[in-house]
Amino acid sequence: MKVAFQGEPGANSHIACVNVYPEAEPLPCPTFEDAFNAVSSGEADLAMIPIENSVAGRVADIHYLLPTSDLHIIGEYFLPIHHQLMAVPGANFDTLRTVHSHPQALGQCRNNMRKLGLKPVTESDTAGAARLVRDWADPTRAALASPLAAEIYGLTILQADVEDEPHNTTRFVILSKDPEWVPAGQGPTVTSLIFTVRNLPAALYKAMGGFATNGINMTKLESYMVGGHFSATQFYAEVDGHPEEKHLKRALEELGFFSTKMRIFGVFPASLDRDDHQPPAE
């Protein structure tokens, strides 16, 4: 089995692949779109894709690729992220001037990098930044990447765990070409869907009403612009429950009444780590 991920060997997505599918062959891809296409074309069986981070928020590229994708979400995985500040052997804090990494990593370490006086420079991914720092052999440049990347590219870790927040965690979704709905009644379940509301006053309010009246917990709601219009009419949502359960079934029927189209992306087991990243109840 092959699992596609965006980035180079040593990226956090690579680590997620190995943790979840230790027997599979990780398939590095230059871009998220390439990782999606690898699954669509059959080159890979699955894709491990980061969708949001507890510090830096959603991964924007993914939210734009999902609505037009023909893939299905079959699972989720939460990976604690620990960034290492690394450079070529011989470099030190006196020689460093810039720090290179993926925008998400730079955002997750923004405050600590500012304290060190390092100028952030965006690269395509964390492991790719580590490879570049190795190739440049320049003691003024550092990278933010994983311990695995430091090992692969022969870099020295100057400071470990430089993320701004100890709870720094990235949530990944596992994508498949074929839908694999978890059967109903097998524990906590997440249903993900895309829908487009009708052009009616208070359409979103009315579309959401079915979830409230049926006691369905919505854990995510993201809006999209469609056709270049600034009015948000398309939404990505995640809710607790299974479509075959009567309460969620009724809520989806009501949503369908106020929507021009609706597509379920996936019905998958809720990760055991999900509760650790939910806000406390009031």
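The following dialogue shows how to read packing and charge in this predicted model.

Q: How should one begin with the nonpolar interior, and which residues touch the most other members of the largest nonpolar core?
A: A nonpolar core is read as a set of buried residues joined through side-chain atoms. Here the largest such core has 39 residues, and Leu 85, Met 113, Ala 130 and Leu 144 touch the most other members. Apart from it lies another core of 26 residues, including Ala 38, Ala 47, Leu 175 and Tyr 224.

Q: How many aromatic pairs does the structure hold, and why is the pair of Phe 195 and Phe 235 called stacked?
A: An aromatic pair is classified by the angle between its ring planes, and under 30 degrees counts as stacked. The structure holds 3 aromatic pairs. For Phe 195 and Phe 235 the ring centres are 5.5 Å apart and the planes stand at 25°, so this pair is stacked. Phe 195 belongs to strand 12 (residues 189–197) and Phe 235 to strand 14 (residues 232–240), so the pair ties together parts 40 residues apart in sequence. Both Phe 195 and Phe 235 are buried.

Q: Where does Arg 141 lie with respect to the ring of Trp 136?
A: A charge over a ring is judged by its distance from the ring centre and its angle to the ring normal. In this model Arg 141 lies over the face of Trp 136, at 4.1 Å from the ring centre.

Q: Turning to salt bridges, what is the count, and which parts of the chain does the pair of Glu 8 and Arg 131 link?
A: The count comes to 10 salt bridges. In one of them, the side chains of Glu 8 and Arg 131 meet at 2.6 Å, N to O. This pair links distant parts of the chain, with Glu 8 in the loop between strand 1 (2–6) and helix 1 (12–20) and Arg 131 in helix 6 (residues 126–136), 123 residues apart. The relative accessible area of Glu 8 is 18%, so Glu 8 is buried, whereas Arg 131, at 26%, is partly exposed.

Q: Are Lys 220 and Glu 52 buried or exposed, and what links them?
A: Lys 220 forms a salt bridge with Glu 52, with the closest N and O atoms 2.5 Å apart. The two residues lie in strand 13 (residues 218–225) and strand 3 (residues 46–53) respectively, 168 residues apart. Both Lys 220 and Glu 52 are buried.

Q: Which residues are linked with Lys 220 and Glu 52 in a network of salt bridges?
A: The network links Glu 52, Arg 58, Glu 76, Arg 171, Lys 220, Glu 222 and Glu 238. Within it, Arg 171 and Glu 76 meet in a salt bridge of 2.8 Å, N to O. Arg 171 is in strand 11 and Glu 76 in strand 5 (residues 72–80), 95 residues apart. Both Arg 171 and Glu 76 are buried.

Q: How should one read a charged residue without a salt bridge, and what does the side chain of Asp 164 reach?
A: A salt bridge requires the nitrogen and the carboxyl oxygen to be within 4 Å. Asp 164 is buried yet has no salt bridge, and the nearest side chain of opposite charge, Arg 110, is 5.6 Å away. The side chain of Asp 164 does reach the backbone nitrogen of Asn 111 at 2.9 Å, and a polar atom of that side chain lies 3.0 Å from the backbone nitrogen of Asn 112. Asp 164 itself sits in the loop between strand 10 (156–159) and strand 11 (169–176).

How values were computed:
Residues are numbered from 1 along each chain as its sequence is written. This is a predicted model: local features need pLDDT of at least 70, side-chain atom pairs count only at pLDDT 80 or more; totals for chains, interfaces and linings use all residues. Side-chain values use heavy atoms; hydrogens and water are left out. A nonpolar core is a set of buried Ala, Val, Leu, Ile, Met, Phe, Trp, Tyr and Cys residues joined through side-chain atoms within 4.5 Å. Buried means under 20% relative accessible area, exposed over 50%, partly exposed in between (1.4 Å probe, protein chains only). Rings of Phe, Tyr and Trp (its six-membered ring) pair if their centres lie within 6.5 Å; planes under 30 degrees apart count as stacked, over 60 as edge-to-face and the rest as tilted. Helices (H or I, at least four residues) and strands (E, at least two) are DSSP runs, numbered from the N terminus. A charge sits over a ring if NZ of Lys or CZ of Arg is within 6 Å of the ring centre and within 35 degrees of the ring normal. Lys and Arg count as positive and Asp and Glu as negative; His and the chain ends are not counted. A polar contact is a pair of N or O atoms within 3.5 Å; within protein, one must be able to donate a hydrogen and the other to accept it, and residues adjacent in sequence count only if both atoms are side-chain atoms.
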